[in-house]
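Trainee: I would like a close look at one part of this model, the place where the two chains meet. Please take me through it in one go, and add whatever else in the chains deserves a mention.

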Amino acid sequence: MSSGTILARAFSRAGYCVFATNEYPSLIRGGHNIVTVRIATREIHALEGVVDILMALNQETVDLHKQELHDGSIVVFDPKDYDWQASDFSNKPVLVPVPLRGLVEQGAGEPVMRNTIALGVTVGLLGVDFILVESVIHDQFTKKGDEVVRRNLAFARSGYDFVKTNLPALQGCHIAPTTKKEDVLVLSGSEAVGLGAVRAGMRFAAIYPMTPINSLITFLADHAKELRIVYKQPEDEIAGINMAIGASIAGVRSMVATSGGGFALMVEGLSLAGMVEAPLVIDLGMRVGPATGMPTWTEQGELQFVIHAGHGEFPRVVLAPADAAEAYTLTIEAFQLADKYQVPVFLLTDKYINESQWCVPKTHFQGDVLLDRGKIAQTEALASDVSFSRYSLGNDDGISPRSFPGQKHGQYFANSYEHNEVGHVSEEPMNRKAMVQKRLKKLSAMSRDILPPSVYGDPEAGVTCVTWGSTRGPVLEALERVGFAVGGTRVNVVHFSWIYPFPAAQAAALLSKSTRIIDVEQNATGQLSSLIREHTGILIQEKLLKYDGRPFFPEEILDKVQSVK
Amino acid sequence: MTITADSFKTGYLPTWCPGCGDYGIWMSLKNALGELSIGPDDGLIVYGIGCHGNMYDWMRTYGFIGLHGRALPVAQGAKLANHRLPVIVVSGDGDCLGEGGNHFIHAAKRNPDINVIIHDNQVYGLTTGQASPTAKAGFKTKSTPEGVVDEPMNPLTLAIVSGATFVARGFAGDPLGLTKLMVEAVRHKGFSVLDVLQPCVTFDKVHTYGWYRSRLYSLSASDYAPTDKLRALTKAVEWGDHIPVGIFYREEKPTSEDREPALAEGPLVSQRESQGNLDSLLEEFQ
């Protein structure tokens with residue numbers, strides 16, 4: 001999504017809030033690919049259902065998106081693709097023919113350069129100065145050499161100049177001026193997870209390629225040397241999680257990332273991490289299932305899966321970021337919790353979060369993080385009489401200090417069999433019971449760290465939308481539009497970032513105030529609502545569920561909220 | 001402190017069947033670690049699941065008893081986290097070549113500085129006697145009452161073609177010879193595979209100590225140099241009346257750890273208390 005990124009970063013540098021998302025089929029090349037960039041002078045959380053400027057690089061794009069246009073939307077197209085006429089549209093868009101192919105030929109470029117020309121045209125139509133996009137093009141392509149920079153600038157310029165020369169009346173008709181307040185980054189959710197992991201001192205990641213977490217791999221592999229981390233591509237996800245557990249036991253913060261199908265292979269290893277009490281962070285980028293599903297589309301279908309995955313009973317934490325900013329902070333939190341409780345911690349992300357591009361103030365990523373590695377055995381305190389009890393039962397919170405292989409007098413066995421305090425196998429009934437209790441005690445200990453659900457709008461509102469993960473964005477966008485009220489009734493959002501152990505008391509307190517609760521989820525069965533029912537007894541009758549692979553639009557939320565119950 | 005076989009005592013006694021080949025492998029490993037001065041706190045042994053994997057209970061070193069077939073990935077993760085730590089994998093033919101076959105091939109391809117010892121007895125002893133991937137055609141087991149019909153896997157040829165840089169075969173009934181091979185294998189910088197022929201005295205009445213002893217011969221330094229891959233493959237497929245043991249193939253190549261630029265300044269684990277520095281990165285996203 002290079003052109004989309006450049007456009008987003010150009011406007012972000014000028015002080016606008018931007019959001020970009022991509023849609024593409026599961027093909028290496030071809031098919032209908034789009035990137036949608038939204039630019040605003042206020043903070044935004046999602047896309048809209050309408051399109052102001054449609055930049056069509058082929059006929060199909062207009063065919064597929066003309067219903068999203070409104071009267072006055074601009075349609076840029078190359079008459080060589082298809083000579084669109086006003087009569088082809090049920091609404092009244094402004095038709096702007098631009099000879100994209102002709103401009104490519106004039107500059108002796110490849111057909112792909114139409115993207116860059118289109119970028120210049122867009123900037124021209126929005127009426128901002130070319131220098132805005134010039135600096136971003138320079139920074140984006142400078143690694144590829146001066147010639148690449150020069151050519152990209154030339155093609156962008158030709159599109160920009162075409163608008164200046166031929167379409168003076170259209171300039172500047174769509175965007176209000178703004179001023180820059182602070183440095184802002186434009187990055188994907190995957191990249192935010194990567195930044196969070198690095199900030200948290202993550203040293204080892206074993207990730208088998210899978211949509212939608214591939215840009216996390218790119219980020220880690222590109223920076224492995226300077227950051228002193230190892231990214232290893234394993235032969236499969238089974239190897240990946242076992243490698244990460246090995247690195248964790250050896251003493252470093254480690255992680256895996258995958259999507260649902262890859263995680264299915266990791267489930268055996270998850271259970272191993274639970275048994276040997278290995279800290280581990282698992283980034284699960286959900287996409288449309290079951291099986292191979294629709295690999296490049298978004299869904300929230302794995303909430304119940306991650307809570308219940310793994311044979312046997314053992315504790316875990318499940319966190320679900322709503323956007324890139326939260327992906328960064330919750331990734332750091334995930335590593336801290338994993339070490340503190342010596343458990344696997346999930347980051348439940350999705351395709352929409354991972355591959356969309358979000359604007360986040362730079363300062364968000366700049367604070368120091370004080371690493372808390374949890375309970376670590378200190379070598380000087382270890383007795384030389386071979387008595388170190390890695391899985392000591394003498395802790396109320398179930399967490400026992402760990403040693404690392406190579407540490408003097410810290411010898412123990414990390415054992416996938418049920419074991420005693422040293423790690424020797426034990427099938428003795430009293431030991432078994434004590435070890436199960438030791439591990440499960442952590443669940444209650446975690447209650448002191450639980451992040452309660454966030455409330456947006458009036459906590460006393462009569463109508464509540466329940467969200468988790470990426471559905472927060474479109475719901476907030478919708479409710480901000482109507483001032484968090486519908487027909488005189490106040491509406492709020494109760495949003496869950498901390499999914500498990502479920503914040504039952506806090507959820508019950510918040511939800512019991514509402515007379516109407518609407519569960520908004522990107523799956524077909526309302527998985528969070530089942531969790532709420534299980535832990536609070538509250539039965540949510542109204543559900544807005546979307547499972548066609550496309551993210552929610554604010555308009556769909558408003559339709560539901562405004563509908564008579 | 002001098003490391004001897006006694007340094008590894010745990011107070012637990014072996015539960016293997018009397019006469020099991022595992023005893024010879026265990027004894028050899030203790031002696032080899034003693035000779036290499038790798039004491040209980042100095043290295044990590046990663047075990048799979050099978051009769052072999054029960055060894056840790058009477059083998060006091062840092063131990064990781066993983067899932068069936070998954071010892072090699074755990075070992076590689078630990079090695080990358082702390083590449084100065086000696087890491088040895090104790091595995092079996094079912095664990096390493098059945099459930100863990102893919103991991104074995106890819107470990108060989110990467111050449112981590114890890115030594116894997118395969119307890120190769122042609123049967124699944126812990127589940128009371130089914131055929132393993134190395135079971136020879138015709139061998140009758142609980143899962144193959146009419147005799148094994150598939151071709152057996154050959155751990156040596158598989159290791160050689162997959163890229164292992166040290167490939168050897170030993171015999172559990174020859175602890176002295178096996179100890180020497182283990183010392184060589186652990187000293188080798190790279191992925192070393194030591195396949196150990198081992199009688200299962202309970203579920204295999206064919207491949208007894210006597211059966212092996214009458215057939216085994218050593219690859220002698222005088223007429224075999226383990227430097228030629230094709231010649232090594234030819235030797236590795238010899239089976240029947242004459243079965244070679246010894247070092248089949250050896251070469252020096254950069255290891256998996258050598259190829260990680262992040263490890264050039266020391267083990268990752270030495271950085272375990274420090275947060276990452278993002279200062280140079282953030283501008284990329286602006």
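**Where chain A meets chain B**

Mentor: Chain A and chain B bury about 5700 Å² between them, and 58% of that area is on carbon and sulfur atoms. On the chain A side, the residues that lose the most area to chain B are A:Arg203, A:Arg228 and A:Glu235, which together make up 13% of what that side buries. Bear in mind that this is a predicted model.

Counted by residues, 74 of chain A are in contact with 60 of chain B. There are 35 residue pairs in polar contact between chain A and chain B, with both residues at pLDDT 80 or more. Helix H9 of chain A, residues 237-250, gives nine residues to the side that touches chain B, the largest share. Sorted by class, that side of chain A has 36 nonpolar, 20 polar and 18 charged residues.

Now the charged pairs. Side chains of opposite charge can pair when their charged atoms come close. Between chain A and chain B the count is four salt bridges. One of them joins the side chains of A:Glu268 and B:Arg70, at 3.0 Å from N to O.

The backbone takes part in the contact between the chains as well. Strand S14 of chain A (residues 413-415) pairs with strand S2 of chain B (residues 62-65) in the parallel sense, over three bridges. Within this pairing, A:Asn415 has B:Ile65 in S2(B) as its bridge partner.

For chain B there is also a record to set beside the model. UniProt, in an unreviewed entry, lists residues 49-196 of chain B as "domain: Thiamine pyrophosphate enzyme TPP-binding". In the model this span is 33% helix and 21% strand, and its end C-alpha atoms lie 17 Å apart.

Away from the partner chain, a search of the whole structure finds 39 salt bridges over all chains. Among them is the one between the side chains of A:Asp81 and A:Arg101, at 2.5 Å from N to O. This pair links distant parts of the chain, 20 residues apart: A:Asp81 is in the loop between strand S4 (69-77) and strand S5 (94-97) of chain A, while A:Arg101 is in helix H3 (residues 100-106).

Last, some backbone details in chain A. Most residues other than glycine have a negative phi, and most peptide bonds are trans. A:Ala108 is not a glycine, yet has a positive phi of about 55°; A:Ala108 sits in the loop between H3 and helix H4 (114-125). The peptide bond from A:Thr211 to A:Pro212 is cis, with omega near 15°, and A:Pro212 lies in the loop between strand S7 (202-206) and helix H8 (214-227). The bond from A:Tyr500 to A:Pro501 is also cis, with omega near 0°. A:Pro501 is placed in the loop between strand S19 (498-500) and helix H16 (504-511) of chain A.

Notes: Residues are numbered from 1 along each chain as its sequence is written. Chains are lettered from A and ligands numbered from 1 in the order in which they are written. This is a predicted model: local features need pLDDT of at least 70, side-chain atom pairs count only at pLDDT 80 or more; totals for chains, interfaces and linings use all residues. Side-chain values use heavy atoms; hydrogens and water are left out. UniProt positions are given in the numbering used here, feature names are shortened, and annotations may be inferred rather than shown by experiment. Helices (H or I, at least four residues) and strands (E, at least two) are DSSP runs, numbered from the N terminus. Contact means heavy atoms within 4.5 Å. Buried area is the accessible area (1.4 Å probe) that two parts lose on being put together, summed over both. A polar contact is a pair of N or O atoms within 3.5 Å; within protein, one must be able to donate a hydrogen and the other to accept it, and residues adjacent in sequence count only if both atoms are side-chain atoms. Ala, Val, Leu, Ile, Met, Phe, Trp, Tyr, Cys and Pro count as nonpolar, Asp, Glu, Lys and Arg as charged, and the others, Gly among them, as polar. Two strands pair if DSSP finds at least two bridges between them.
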